[in-house]
Amino acid sequence: MELTTLFQQLINGVSIGSVYAIFTLGYTLIFSILGIINFAHGAVFTLGAYFTYALIGSRFGFNGIFANAQLPFGLPFPLALLGGGILAGLVGILIERVTFRPLRQRGADPLLTLVSSLGMAVALVNLIQYFVGAEAYSYPSSVLAGLPPSINFGTQEAPLIVRTVQIVIAIISMIILVLLTLFINRTKTGRALRAVSEDATTSSLLGINTDRLILLTFFLSGLVGGIAGTLVGLSVTITGPYFGIAFGLKGLAVIVLGGLGNIPGAVVGGIVIGIAENLLPASAVAYKDAIAFLILFIVLLVRPQGLLGRALIQKV
Amino acid sequence: MDQFITTYGFLIILMMLQAVLALSLYLPLMAGQLSLATPGFFAIGGYVGAVLATNKFMPAPGTTYPEPLQSFVVWLASIFPLTATGDAYPLGLVLVEMVLAGILCGLVAIVIGLPALRLRGIYLALATIAFVEILRVLSLNLPITGGAIGIFGVPQPFPDDATKFSYIVIALPFLLLCTWFVYRLERSRVGRAFIALREDELAATAMGINPTYNKVLAFTMGAIMAGMCGALTAHVLNTWNARQGTFDASILILAYVIIGGSRTFLGPVMGGLLLTALPEVLRQAAGIDGLPQWLSLFLSDGRLVIYGFLIAFGVLLFPQGLITPDLFERKQKAATPAPVPATSGGQP
Amino acid sequence: MNETILEVQAMTRRFGGLVAVNNVSFAVQRDEIFGLIGPNGAGKTTLFNLITALTIPTSGTLLFKQQDITRLKPHQVAARGIARTFQNIRLFGNLSALQNVMVAQHVHTSSGVLPGVFGLPQARREEKHVREQALNLLEMVNLADRAHVKARNFPYGDQRRLEIARALALQPEVLLLDEPGAGMNPNEKAGLSSYIREVKEKFKLTVVLIEHNVPMVMGLCDRIAVLNFGQLIALGNPAEVQRDRAVIEAYLGDEA
């Protein structure tokens with residue numbers, strides 16, 4: 001394998017890996033505080049992409065109730081990105097209020113909550129389809145106005161192409177990761193979040209408003225997920241509302257590999273899986289999608305706490 | 001009557017098959033395991049049926065396999081003859097395919113289950129999701145499964161019946177057999193062990209119940225059921241492809257059990273029957289005059305939205321599903337006279 | 001003739017930095033009532049968990065009837081003949097009282113799936129036998145008239161008795177009772193000692209008992225082991241233990 005091809009694959013791997021990473025951060029935030037996987041995250045991720053698409057003033061296609069709908073204004077991309085994320089975060093809050101909180105108040109088995117979030121995911125994704133149809137959408141190229149489509153870090157004979165989109169994604173992912181880590185480690189609210197993830201009961205006895213914090217977590221998770229959705233939509237086309245479910249499933253592999261509830265783990269896991277997918281020999285490229293799940297299966301059997309997680313001890 | 005069968009015959013067959021799938025998810029659930037692997041075994045079973053019936057296992061024309069594989073496939077082809085469209089495929093062979101599918105799925109279940117069932121709760125659910133996804137990608141790419149297109153033209157035992165309702169001679173007994181099996185299991189020693197594991201695995205092991213053995217047993221039985229159903233369904237649908245074994249299918253089947261009832265054998269059956277019929281009911285409702293267009297469209301196309309919300313809120317409102325064991329108990333209580341209350345306190 | 005039926009040798013259990021059980025050794029004689037006492041958090045329940053294999057020792061050995069059972073799994077330990085009740089009652093809540101007791105006879109029956117489902121003669125015989133045994137045990141604890149009531153609907157005291165009946169269904173030689181008197185009203189507690197003695201005689205058991213009610217333990221047990229901070233600080237008959245300096249200090253603080 002040519003060295004430049006190897007580098008190219010690595011770059012592709014890191015690029016998609018960083019998107020997996022920020023997507024999975026949404027899972028991780030909620031897992032670390034509630035101990036459950038929020039399957040609806042995949043739907044929120046999808047919504048983010050669609051919200052941003054609407055906010056930049058694009059028009060929706062021919063199917064669905066909102067056929068041919070278009071917002072009367074169009075925001076510049078960075079604003080739309082943020083806006084889409086915020087709207088997604090709000091949906092996250094709605095989901096928390098409507099399903100997670102009642103189940104939590106009943107002391108329901110975490111598996112029931114998981115199942116409920118699964119139902120929400122399916123319902124929301126299909127709701128999108130109902131409203132705007134199942135077509136593929138792509139962001140118009142004007143979104144990255146002024147920037148060249150790609151940069152060649154190599155030479156004419158041995159090109160090492162990095163698409164501008166990939167750089168943008170990598171930068172945004174880094175920013176999000178840094179901001180989140182700072183937030184969790186340096187702010188009062190962040191420390192409160194860590195406290196609740198260690199022990200919710202004691203935290204509330206100490207005066208921490210756990211309900212409010214949980215809402216905040218869902219908002220952040222949705223925000224991050226929504227932004228991830230837009231970034232993916234930017235990098236490849238949005239192939240329809242279901243692309244969130246597929247991502248949602250891959251995110252499971254990432255979070256388990258990195259270690260459930262572990263933030264750096266989500267990043268490590270994302271990059272590892274991204275690279276693993278892209279380093280396949282040409283003959284095996286068709287099996288790319290199975291790699292993440294093969295890794296998931298093996299990790300579960302061999303080291304369920306993942307790379308960076310702590311071993312779980314069951315209390316009798 | 002004929003009109004009814006023409007319109008709903010196919011749906012009724014599908015309803016029965018989905019009810020069996022619901023039972024196949026219920027079996028591991030009885031032992032406390034949320035396994036989403038059913039569609040994987042369903043897909044394997046379907047491929048077994050489709051591959052055997054269409055002789056897809058034969059080498060490409062002009063080529064041969066190395067011995068002894070070549071002799072084996074020739075022998076296989078003699079047992080499963082290629083049937084021209086319009087000719088009836090022997091019903092007995094369909095049953096043979098079902099048995100073979102069951103055996104294969106059982107073996108795969110043991111191989112996968114032994115390591116995987118050491119996992120609990122969500123980890124197990126994730127492992128089964130991974131299993132289904134890996135199978136799906138494999139089936140999209142292997143030549144024997146027909147790749148992305150799948151396998152077409154699966155021969156029909158009832159070629160003259162366009163409604164496929166004739167399948168009821170297998171589908172109904174199959175459903176009844178599976179239902180009776182689970183009903184009897186619940187009341188037997190092994191079934192009690194499963195339920196104890198579900199209630200409190202720790203206490204169950206402290207009372208002498210071998211968790212691994214029983215969990216693998218439950219998982220394997222579910223797999224066999226799903227595999228057999230797959231082989232039959234491949235014939236009913238006339239075609240088979242990777243779309244039969246997807247994560248979405250896991251969700252649907254989960255809905256049957258969660259909503260129908262997760263604590264008694266009748267729940268999954270009812271759930272499977274009703275929820276498979278639901279889209280048709282909704283479509284009829286959508287056709288009612290005077291409904292606003294958005295509502296009508298929602299009812300006809302929004303089936304998955306409705307299922308999704310049913311699951312999401314169903315676990316909240318009906319944690320045990322619609323059909324609960326209590327319903328049976330109430331009938332039992334009505335039949336027996338009330339016991340004399342014992343004195344509490346005193347001798348322990 | 002007394003023989004050692006259960007022996008704990010240099011048992012240690014660490015949870016990360018915390019040592020829950022620290023180098024504990026003692027031997028329980030057949031047919032005795034052996035008490036295990038100590039302040040809260042002394043490691044008594046952990047010791048029970050170690051004996052029943054619900055938790056794995058960090059180091060140490062466990063012998064049952066002179067055979068090494070240290071590496072066995074919980075269901076295997078139960079099959080050998082060691083049964084227990086739990087500090088926080090762990091009944092099968094959604095199963096009836098009868099079903100709870102029937103389940104515990106799993107190891108003494110063997111009908112598999114097919115015989116059970118098809119109602120083959122052996123399976124039916126076993127089922128009948130298991131049911132009768134279970135009803136007898138329920139009779140013994142005065143719960144037979146509510147055999148079909150769900151376990152979680154029983155009042156607390158009845159649940160404790162049901163848990164004991166379930167443990168007895170295992171046909172054990174050693175019965176571990178984890179705070180059987182907890183949550184009982186004075187009336188129930190008064191009968192508990194004689195009830196335990198009765199059960200022991202009737203089923204020819206060796207009983208190991210964790211209890212906080214010191215007078216009861218002193219009156220009931222043949223020998224007592226005292227744990228504090230995971231360590232064995234005294235072992236002997238009630239009179240010896242009562243006078244032991246270390247025990248007094250542990251319970252009342254240093255009075256020197």
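**Figure 1. The hairpin of β9(C) and β10(C) in the predicted model.** Two residues lie between the strands of this hairpin, and Phe229(C) takes a positive phi near 50° there. The structure is a predicted model. Strand β9 of chain C covers residues 223-228, and strand β10 of chain C covers residues 231-236. The two strands pair in the antiparallel sense over five bridges. Within this pairing, Ile224(C) stands opposite Gly236(C), a residue of β10(C).

**Figure 2. An open sheet of four strands in chain C.** The strand order is β2-β1-β4-β5 (chain C), and the pairing is antiparallel. At the edges of the sheet are β2 (18-29) and β5 (67-68) of chain C, each of which pairs on one side only. Strands of a sheet are joined through backbone hydrogen bonds, in either a parallel or an antiparallel arrangement.

**Figure 3. The pairing of β4(C) with β5(C).** Strand β4 of chain C consists of residues 59-64 and pairs with β5(C) in the antiparallel sense. Two bridges join these strands. In one bridge, Leu63(C) has Asp68(C) of β5(C) as its partner. In a regular strand, side chains alternate between the two faces of the sheet.

**Figure 4. Surroundings of Thr54(B).** Thr54(B) sits in the loop that links α2 (38-53) and α3 (69-79) of chain B. Is Thr54(B) buried or exposed? Its relative accessible area is 17%, and because residues under 20% count as buried, Thr54(B) is buried. Apart from neighbours within four places in sequence, Thr54(B) is in contact with Leu82(B). Its other contacts in that set are Ile151(B), Phe152(B), Gly153(B), Val154(B) and Pro155(B).

**Figure 5. Chain B, the setting of Thr54(B).** Chain B has 14 helices and zero strands, so its pattern along the sequence reads α-α-α-α-α-α-α-α-α-α-α-α-α-α. The C-alpha trace of chain B spans about 85 × 60 × 35 Å along its principal axes. The radius of gyration of chain B is 22 Å, which agrees with the value near 20 Å for a compact globule of 348 residues. Of the 348 residues in chain B, 57% are buried. Taking contacts in chain B between residues at least 6 apart in sequence, 79% join residues at least 24 apart. Chain B exposes about 14400 Å², with 69% supplied by carbon and sulfur atoms. Its side chains include 18 positive and 17 negative ones, and the centres of these two sets are 11 Å apart.

**Figure 6. Chain A, with helices and strands.** Eleven helices and two strands are found in chain A. Their order from the N terminus is α-α-α-α-β-β-α-α-α-α-α-α-α. The radius of gyration of chain A is 20 Å, close to the 20 Å given by the globule rule for 316 residues, so chain A is as compact as a globular protein of that length. Along the principal axes, the C-alpha atoms of chain A fill a box of roughly 65 × 50 × 35 Å. Buried residues account for 54% of the 316 residues of chain A. Among contacts in chain A with a separation of 6 or more, 73% are between residues 24 or more positions apart. The accessible surface of chain A is about 13600 Å², and 66% of this belongs to carbon and sulfur atoms. Chain A carries 16 positive and 10 negative side chains, and 11 Å separates the centres of the two sets.

Methods: Residues are numbered from 1 along each chain as its sequence is written. Chains are lettered from A and ligands numbered from 1 in the order in which they are written. This is a predicted model: local features need pLDDT of at least 70, side-chain atom pairs count only at pLDDT 80 or more; totals for chains, interfaces and linings use all residues. Side-chain values use heavy atoms; hydrogens and water are left out. The radius of gyration is taken over C-alpha atoms; the globule rule is 2.2 Å times the number of residues to the power 0.38. Buried means under 20% relative accessible area, exposed over 50%, partly exposed in between (1.4 Å probe, protein chains only). Contact means heavy atoms within 4.5 Å. Accessible areas come from the Shrake-Rupley method with a 1.4 Å probe; for residues, only the protein chains shown count as cover. Lys and Arg count as positive and Asp and Glu as negative; His and the chain ends are not counted. The place of a charge is taken as NZ of Lys, CZ of Arg, CG of Asp or CD of Glu. Two strands pair if DSSP finds at least two bridges between them.
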